[in-house]
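Subject: Structure handover

Hello,

Here is the structure I promised to pass on. Please open it beside this email as you read.

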Amino acid sequence: MPDVRITYDKTADAAYVHFTDPRDEVHSARMYPCDPVDVDGMINLDFDERGRLIGIEVLAARSKLPEYVLESAERLDPEPPRSG
């Protein structure tokens with residue numbers, strides 16, 4: 001099974017699950033927002049120009065995704081220095 005790239009911005013509490021090869025430059029041509037009432041938050045599905053799902057954006061990610069997923073995600077915000 002291929003690795004799936006997940007990025008996370010803790011400041012914005014937003015995660016993105018990428019379904020494209022990181023070497024490819026793919027842009028979203030269409031975004032489909034899931035009903036915030038049905039999912040108790042905001043989740044957006046991104047599709048390319050051929051209609052293929054290229055990624056999922058999860059807002060309020062701390063309340064939607066398991067902690068281990070966020071801890072292992074590639075951080076987009078600057079992490080504070082660790083004391084120690």
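Below is what I found, going from the core to the salt bridges. Please keep in mind that this is a predicted model.

**The core**

The largest nonpolar core has 10 residues. Its members are Tyr8, Ala15, Cys34, Ile43, Leu45, Phe47, Val58, Ala61, Leu70 and Ala73. Which strand gives the largest share of this core? That is strand E4, residues 42-47, with 3 residues.

Leu45 is a good place to start looking. Leave aside its neighbours within four places in sequence. Leu45 is then in contact with Arg30, Met31, Tyr32 and Cys34. Leu53, Gly55 and Ile56 are also contacts of Leu45. Of these partners, Cys34 is itself listed in the core.

**Ala14**

Next, strand E2. This strand covers residues 14-18, and Ala14 lies in it. Is Ala14 buried or exposed? Its relative accessible area is 16%, and buried means under 20%, so Ala14 counts as buried. Not counting residues up to four places away in sequence, Ala14 touches Thr7, Tyr8 and Asp9. It also touches Val58, Leu59 and Ala61. Tyr8, Val58 and Ala61 are on the core list too. For a distance check, take Ala14 and Ser72, which are 58 residues apart along the chain. Their C-alpha atoms are separated by 14 Å.

**Asp48**

Now the loop between E4 and strand E5 (53-59), where Asp48 lies. Asp48 is buried, with a relative accessible area of 5%. Its side chain has two polar partners worth a look. One is the backbone nitrogen of Arg50, which lies 2.9 Å from a polar atom of the Asp48 side chain. Another is the side chain of Arg52, in a polar contact at 2.9 Å. The Asp48 and Arg52 pair is also a salt bridge, with the closest N and O atoms 2.9 Å apart. Arg52 is partly exposed, at a relative accessible area of 43%. Not counting residues up to four places away in sequence, Asp48 touches Val26, His27, Ala29 and Ile54.

**A surface patch**

Which residues form a nonpolar patch on the surface? They are Val4, Phe19 and Leu53. Together they have about 240 Å² of accessible area. Leu53 lies in strand E5. It counts as partly exposed, at 35% relative accessibility. Leu53 is also one of the contacts of Leu45, so you have met it above in the core section.

**Salt bridges**

How many salt bridges does the structure hold? There are 4. Side chains of opposite charge can pair when their charged atoms come close. One is the Asp48 and Arg52 pair described above. Two others follow.

- Glu74 and Arg5: their side chains meet in a salt bridge at 2.9 Å, N to O. Glu74 lies in strand E6 (residues 74-75) and Arg5 in strand E1 (residues 5-9), so the pair ties together parts that are 69 residues apart in sequence. Glu74 is partly exposed at 38% relative accessible area. Arg5 is partly exposed as well, at 32%.
- Arg75 and Asp77: the closest N and O atoms of this salt bridge are 2.8 Å apart. Arg75 counts as partly exposed, at 25% relative accessibility. Asp77, in contrast, is buried at 9%.

Best wishes

Technical notes: Residues numbered from 1 in each chain as written. Predicted model: local features only at pLDDT ≥ 70, side-chain atom pairs only at ≥ 80, totals over all residues. Heavy atoms only, no water. Core = buried A, V, L, I, M, F, W, Y, C linked by side-chain atoms within 4.5 Å. Buried < 20%, exposed > 50% of the residue type's maximum accessible area, 1.4 Å probe, protein only. Helix = DSSP H or I, 4+ residues; strand = E, 2+ residues; numbered from the N terminus. Contact = heavy atoms within 4.5 Å. Polar contact = N/O pair within 3.5 Å; in protein donor to acceptor, adjacent residues only side chain to side chain. Patch = residues over 30% accessible without salt bridge, like charges linked within 9 Å, V, L, I, M, F, W, Y side chains within 5 Å. Areas by Shrake-Rupley, 256 points an atom, 1.4 Å probe, with all protein chains shown as cover.
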